[in-house]
Structure formats: structure tokens, C-alpha cells
Amino acid sequence: MMNISEHIDFAKGDGLVPAIVQDSQTLQVLMLGYMSKESVAKTYETNKVTFYSRSRKTLWTKGESSGNFLNLISMTVDCDNDTLLVMANPEGPTCHTGTVSCFGDHGASGVGFLGHLDNIVKGRVGASEDESYTAKLLSGPLRRAAQKIGEEGVETALAAVAEDEEALLGESADLLYHLIVLLRAKGLSLTDAIEVLQGRHK
């Protein structure tokens with residue numbers, strides 16, 4: 001992870017810069033805080049996102065009292081060198097009110113929902129197969145999860161040529177879900193597959 005500390009212009013904001021925190025998997029905006037040179041350094045040192053409290057005039061690590069830490073994935077500075085974008089993996093809700101985000105509890109939407117679903121499936125790994133259909137697929141023989149991809153792929157193709165748009169969308173949703181399950185059954189994630197696509201795009 002590249003340390004960008006030397007590129008941040010703290011002088012513009014009297015020693016502080018705003019920091020937008022985004023979920024690295026769902027891309028949902030979680031919160032806005034302020035960071036000082038010291039809080040940036042502590043964030044890199046601990047891999048726990050740390051801010052500067054303007055009211056208490058001190059550093060504070062998100063989650064130090066609640067346990068809902070923000071685990072650092074990356075930090076980038078904008079073109080004016082005075083605003084940070086922090087990508088993190090949250091442990092639990094981010095807002096002190098108990099919501100996923102400080103901007104509401106609507107959850108991830110759009111393509112970001114796939115990242116949310118991937119997290120849910122990840123949480124089923126190792127669970128009793130009696131707990132859910134997902135846990136049953138993950139705990140069973142790999143060929144069962146792989147077979148579901150074949151079935152859903154065929155059903156999606158058939159829906160595209162022989163049924164209406166609603167049927168196609170339904171089968172497509174089933175295919176995406178089962179693909180996520182198969183990846184997790186192999187110890188992989190949707191992000192791993194996306195990174196391959198990104199590499200091909202370059």
C-alpha cells in the first residue's frame with residue numbers, strides 16, 4: 001500500500017483534511033471525517049482508520065469503543081491534495097446510530113449489492129448445512145455448487161431466447177448468486193474475478 005502522507009496539503013485546512021470513507025467491496029459511502037497528519041500516520045501504522053476529533057481535539061480510531069472498526073484497504077488524495085478517499089472493510093455498522101452508513105441504512109445498491117451479497121455468502125462458509133441453502137451448497141461436495149452453475153447458465157440462455165424479460169432477469173439473478181457461491185466454495189471471491197476483468201480491460 002502506497003503511503004501518500006507527503007502528498008497531502010494539510011495547510012489548506014489548518015492541519016486537517018476531510019476524509020470520505022467508502023466500503024471497498026460495496027463502494028457504499030460510509031461516513032465523512034477529518035484527518036490530521038498524525039491520524040493519517042496512525043491509520044497506516046495500525047490499518048485501522050483513525051480521525052481527528054474537532055470537538056475533543058484528539059485522535060480517535062473508529063471502533064475503539066464500539067468494536068466497529070474500519071479496516072484500511074487504501075487511501076488516495078484528490079487532485080487538489082486536500083481531500084482523502086479512504087477505502088475500508090467495515091466491521092459492523094459504521095454510524096454511531098447503528099446504521100450501515102452515516103448517510104442512512106439503505107444498504108448497498110446497484111452493482112455494489114453484489115459485493116454485499118458476496119459478504120453474506122462469505123459469512124455462511126463453515127456454517128452448518130442445516131442453517132441455510134447457501135450453507136448447504138458451501139458444505140457439500142464442490143460438484144454440487146458447480147452443477148448449479150451449469151443448470152442456471154442453461155436456464156438463463158433458454159430464458160433469453162424463449163421467455164420474457166422478467167424470466168431472463170430472474171434466471172440471471174440466480175446465475176449471479178450461484179457464481180458467487182461457487183467462487184466462495186473454492187476460497188475465492190467476486191472481487192478476485194472482477195480483478196481479472198479489470199486486468200483484461202487494461
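**Exercise 1. Find the two sides of helix H1.**
Which exposed residues does the face of H1 turned away from its buried side carry? Work out what the opposite side does as well.

*Solution.*
Step 1. In this predicted model, the face of H1 pointing away from its buried side holds the exposed residues Lys37, Glu38 and Glu45. Exposed here stands for over 50% relative accessible area.
Step 2. Now turn to the buried residues of H1: they are Ser39, Val40, Thr43 and Tyr44.
Step 3. Looking down the axis of H1, you will find these buried residues within an arc of 140°, so they line one face of the helix.
Step 4. Follow that face inward: the buried residues of H1 pack against S2, strand S3 (50-53), strand S4 (58-61), S5 and S6.
Step 5. Walk off the end of the helix, and just after H1 you meet asparagine 47, with a positive phi of about 65°.

**Exercise 2. Lay out the sheet beneath the helix.**
In what order do the four strands of the open sheet run, and which of them are edge strands?

*Solution.*
Step 1. The open sheet reads S2-S1-S6-S5, with mixed pairing.
Step 2. Its edge strands are S2 (29-35) and S5 (70-77), each of which pairs on one side only.
Step 3. On average, neighbouring strands of this sheet are turned by 25° against each other, direction ignored.
Step 4. Zoom in on one pair: S5 joins strand S6 (residues 84-90) in the antiparallel sense, over seven bridges. As an example, serine 74 has methionine 87 in S6 as its bridge partner.
Step 5. Finally, put the helix back: H1 (residues 37-46) packs on the sheet and touches S2, S5 and S6, its direction making about 125° with that of S5.

Methods
Residues numbered from 1 in each chain as written. Predicted model: local features only at pLDDT ≥ 70, side-chain atom pairs only at ≥ 80, totals over all residues. Heavy atoms only, no water. Pairing = 2+ DSSP bridges. Helix = DSSP H or I, 4+ residues; strand = E, 2+ residues; numbered from the N terminus. Axes fitted to C-alpha atoms, helices over the stretch in contact; angles between N-to-C directions. Contact = heavy atoms within 4.5 Å. Buried < 20%, exposed > 50% of the residue type's maximum accessible area, 1.4 Å probe, protein only. Arc of directions from axis to C-beta.
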